[in-house]
Amino acid sequence: MDFSGLSAFPITPMNEEGVDQATFEKILQRLVDAGVNSIGVEGSTGNYPYLTEKERIQYAALAVKASRQIPVIASIGAFRTRDILLLSEQLQKSGVSALLLPLVSYHALNEDEVFSLYETVSKHVSVPVIVYDSPLISRFAFSDDLYQRICQLPHIQSIKVPSAWPNEPEAYLRLQRLMKSLPSSIQIGVSGDPTAANALKRGAKIWYSEWGGIFPQKAKELLEAAFARDEEKIFHLSLQFEPFWEMSRHYGGSIRPIAAAASILRLTDKNNLPLPLMPISMKDQDKLKRAIVENNMN
């Protein structure tokens with residue numbers, strides 16, 4: 001798999017009756033039509049912790065079939081190494097092109113435990129593994145030294161780092177350090193949509209995007225502007241995205257606003273989140289409707 005360009009992470013529309021397969025396929029088709037570089041299913045935006053193991057395998061396989069040769073990345077995040085290995089085995093059989101490994105824990109992990117996890121997984125897979133760095137969710141911060149150790153392991157081919165953690169200047173300095181210290185085989189990718197363009201201008205190769213999972217065409221335009229260092233276009237496109245990024249900040253994450261946007265675009269029903277997650281307010285839904293129309297996000 002070529003770890004470059006836009007990797008779009010769609011929601012998995014679901015409710016207490018299960019995953020809505022038809023609407024999931026509509027969302028995937030939207031990404032295929034936009035020509036994204038890869039599709040990341042069942043990540044944080046895809047609500048993987050709310051899916052059963054059977055559902056994760058089933059809908060990853062569906063995504064592979066629907067992607068029409070676009071590489072599919074699937075999350076293997078779970079509490080126990082045993083479960084991660086079982087899931088990774090089944091997902092590889094389903095045809096995914098890469099595995100995304102986030103840290104999932106109730107008890108905060110230490111560096112030796114994190115290294116052991118990646119070391120064990122790397123020995124038991126045959127497809128690329130992406131290191132998922134999400135300190136706010138995992139309560140764990142990767143050190144540069146730990147990254148260097150992990151990136152020497154077989155099958156580790158990309159890292160997904162937040163582009164503004166703990167703040168944008170420090171994230172930029174970290175990006176520069178990692179670009180110099182990690183093996184050339186490692187492709188550095190970024191998450192954190194509002195600051196991703198700056199990271200892409202500064203050397204990141206792939207954008208792991210949550211809003212790109214619902215607005216793939218606009219996200220592609222922003223990525224291409226960043227690679228071209230077209231400041232005027234970056235500014236214009238960022239203004240179009242800002243109402244959506246602001247909504248993510250307001251709700252402490254993007255899953256609820258993105259689910260609302262999917263419903264507004266008639267890609268899904270209104271009831272598209274697993275309990276206890278609840279939809280955004282009617283007032284904010286109206287704001288999203290106006291922003292979609294005013295910014296031509298259809």
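Gly40 stands opposite Ile73 in strand 5. Strand 4 and strand 5 (residues 72-75) pair in the parallel sense over three bridges. In this predicted model, eight strands close into a barrel. Helices pack on the sheet, among them helix 2 and helix 7.

**Barrel and packed helices**

- The barrel strands run in the order 1-4-5-6-7-8-9-10, and their pairing is parallel.
- On average, neighbouring strands of this sheet are turned by 25° against each other, direction ignored.
- Helix 2 packs on the sheet and touches strand 4 and strand 5. The direction of helix 2 makes about 170° with that of strand 5.
- Helix 7 (residues 168-181) also packs on the sheet. Helix 7 touches strand 8 (156-162) and strand 9 (187-191), and its direction makes about 165° with that of strand 8.

**Helix 1**

- Helix 1 covers residues 21-34, which is 14 residues. From first C-alpha to last, helix 1 reaches 20 Å, close to the 20 Å expected at 1.5 Å a residue.
- At the start of helix 1, Asp20 places a side-chain oxygen within 3.3 Å of the backbone nitrogen of Ala22.
- Gly35 follows helix 1 and has a positive phi, near 75°.
- The buried residues of helix 1 are Thr23, Phe24, Ile27, Leu28, Arg30, Leu31, Val32 and Ala34.
- An α-helix has 3.6 residues a turn, so residues three or four places apart point the same way.
- The buried residues of helix 1 pack against two strands and two helices: strand 1 (5-8), strand 4 (38-41), helix 2 (53-66) and helix 9 (216-227).

**Aromatic pairs**

- The structure holds nine aromatic pairs.
- Phe142 and Tyr147 make a stacked pair, because their ring centres are 4.9 Å apart and their planes lie at 20°. Both Phe142 and Tyr147 are buried.
- Trp211 and Phe244 form a tilted pair, with 5.5 Å centre to centre and 55° between the planes.
- The Trp211 and Phe244 pair links distant parts of the chain, 33 residues apart. Trp211 sits in the loop between strand 10 (206-209) and helix 9, while Phe244 belongs to helix 10 (residues 231-250).
- Trp211 has 0% relative accessibility, so Trp211 counts as buried. Phe244 is buried too, with a relative accessible area of 0%.
- One aromatic cluster is formed by Tyr118, Phe140, Phe142 and Tyr147.

Technical notes. Residues are numbered from 1 along each chain as its sequence is written. This is a predicted model: local features need pLDDT of at least 70, side-chain atom pairs count only at pLDDT 80 or more; totals for chains, interfaces and linings use all residues. Side-chain values use heavy atoms; hydrogens and water are left out. Helices (H or I, at least four residues) and strands (E, at least two) are DSSP runs, numbered from the N terminus. The expected span of a helix is 1.5 Å times one less than its number of residues. Buried means under 20% relative accessible area, exposed over 50%, partly exposed in between (1.4 Å probe, protein chains only). Contact means heavy atoms within 4.5 Å. A polar contact is a pair of N or O atoms within 3.5 Å; within protein, one must be able to donate a hydrogen and the other to accept it, and residues adjacent in sequence count only if both atoms are side-chain atoms. Two strands pair if DSSP finds at least two bridges between them. Axes are lines fitted to C-alpha atoms, for helices over the stretch in contact, and angles run from 0 to 180 degrees between N-to-C directions. Rings of Phe, Tyr and Trp (its six-membered ring) pair if their centres lie within 6.5 Å; planes under 30 degrees apart count as stacked, over 60 as edge-to-face and the rest as tilted.
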